[in-house]
Amino acid sequence: LEQSGGLDAVVCNAGMGIYGAVEDVSMEAAMAQFQTNFFGVLRVLRATLPEMRERQSGRVILVGSLAGRAPIPFQAHYSASKAAIDALSGSLRNEMAPFGVHVSLVEPGDVNTPFNDAMHWTTSPENSGYRDALARTETCIRESLPKAPPASDVARCIERALTARSPRVRYTVGDSAWLVPFARRVLPDRLSLAFIRKHFGL
């Protein structure tokens, strides 16, 4: 802020993931998930919003995930942190609207990045009661990411949100990114969750 005299935009994109059953994952690991994915975003916003609000200009992009609306088995904490970003984005958009600051949520599906390389895969013990389901789901996750669209697709989407005359509330990214919002609109939750189980072989 001192160097530039003011920020035109801020993009909150940092994130990490942990993998494990809800009953297995330690409270420390769960809190670490939220420290990065949710409270990390809050820290950036608290540092940058006052100047935008006072200048009555700026764009804020929060990078969530379709997992916030279609929670991933054994990634409950990651999914919950992204659902929190979804709620934060909507509230913040309303709070900043009177000050001319636009807030948008970008929701990628699978993206071909090294995200899995940094995933904390071993938060469930080897003797977990979910051992077989954990293995099947992990295989599905690991096999799907290399086939996913490149990170440049997300970058282009963020650019559209930053330059649009009237930026949308949310943008989805990915080959089948339309499917999650469509399913959530037209299917009862019971069926949506059943399709998720089938996808991961559960």
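The chain exposes about 11,400 Å², and carbon and sulfur atoms supply 55% of that area. The model is predicted. The exercises below work through its fold.

**Exercise 1. Describe the overall build of the chain.**

Task: State how many helices and strands the chain has, in what order they come, and how compact the chain is.

Solution.
- Step 1. Count the elements. The chain has six helices and four strands.
- Step 2. Read them from the N terminus. The order is β-α-β-α-β-α-α-β-α-α.
- Step 3. Check compactness. The radius of gyration is 18 Å, and the globule rule gives 17 Å for 202 residues. The two values are close, so the chain is as compact as a globular protein of that length.
- Step 4. Add the extents. Along its principal axes, the C-alpha trace spans about 55 × 35 × 30 Å.
- Step 5. Look at burial. Of the 202 residues, 42% count as buried.
- Step 6. Look at contact range. Take contacts between residues at least 6 apart in sequence; 79% of these join residues at least 24 apart.

**Exercise 2. Lay out the sheet.**

Task: Give the strand order, find the edges, and place a helix against the sheet.

Solution.
- Step 1. Write the order. Four strands form an open sheet, β1-β2-β3-β4, with parallel pairing.
- Step 2. Find the edges. These are β1 (9-12) and β4 (170-173). Each has a single partner strand, so one side of each is left without a neighbour in the sheet.
- Step 3. Note the twist. From one strand to the next it averages 15 degrees.
- Step 4. Place the helix. Helix α4 (residues 151-163) packs on the sheet and touches β1, β2, β3 and β4. The direction of α4 makes about 150 degrees with that of β2.

**Exercise 3. Register the strands.**

Task: Find the bridge counts for β2 with β3 and for β1 with β2, then name residues that stand opposite each other.

Solution.
- Step 1. Start with β2 (residues 58-63) and β3 (residues 101-108). They pair in the parallel sense over six bridges.
- Step 2. Name partners. L62 has L105 of β3 as its bridge partner. V63 stands opposite V106 in β3.
- Step 3. Move to β1 and β2. They pair in the parallel sense over four bridges.
- Step 4. Name partners again. A9 stands opposite R59 in β2, and V10 stands opposite V60 in β2.

**Exercise 4. Decide which strand faces are covered.**

Task: Compare the cover on β1, β2 and β3.

Solution.
- Step 1. Take β2. Six of its six residues are buried. Both faces are covered: G58, V60 and L62 lie on one side, with R59, I61 and V63 on the other.
- Step 2. Take β3. Seven of its eight residues are buried, so β3 is largely enclosed by the rest of the structure.
- Step 3. Take β1. V10 and C12 make up its covered face. A9 and V11 make up the uncovered one.

**Exercise 5. Check the cysteines.**

Task: How many disulfides does the structure hold, and why does C12 count as buried?

Solution.
- Step 1. Count the disulfides. There are zero.
- Step 2. Test C12. Its nearest cysteine sulfur is that of C157, 15 Å away. The cut-off for a disulfide is 2.5 Å.
- Step 3. Check the cover on C12. Its relative accessibility is 5%, so C12 counts as buried. The cut-off is under 20%.
- Step 4. Apply that test to C140. At 16% relative accessibility, C140 counts as buried.

**Exercise 6. Place H199 and T113.**

Task: Where do H199 and T113 lie, and are they buried or exposed?

Solution.
- Step 1. Locate H199. It lies in helix α6 (residues 189-199).
- Step 2. Read its accessibility. H199 has a relative accessible area of 52%, so it is exposed. Exposed means over 50%.
- Step 3. Relate H199 to T137. They are 62 residues apart along the chain, and their C-alpha atoms are separated by 9.0 Å.
- Step 4. Locate T113. It lies in the loop between β3 and α3 (131-144). At 29% relative accessibility, T113 counts as partly exposed.
- Step 5. List its contacts. Leaving aside neighbours within four places in sequence, T113 is in contact with L145 and A151.
- Step 6. Relate T113 to A161. They are 48 residues apart along the chain, with C-alpha atoms separated by 21 Å.

Technical notes
Residues numbered from 1 in each chain as written. Predicted model: local features only at pLDDT ≥ 70, side-chain atom pairs only at ≥ 80, totals over all residues. Heavy atoms only, no water. Buried < 20%, exposed > 50% of the residue type's maximum accessible area, 1.4 Å probe, protein only. Helix = DSSP H or I, 4+ residues; strand = E, 2+ residues; numbered from the N terminus. Pairing = 2+ DSSP bridges. Axes fitted to C-alpha atoms, helices over the stretch in contact; angles between N-to-C directions. Contact = heavy atoms within 4.5 Å. Rg over C-alpha atoms; globule rule 2.2 N^0.38 Å. Areas by Shrake-Rupley, 256 points an atom, 1.4 Å probe, with all protein chains shown as cover.
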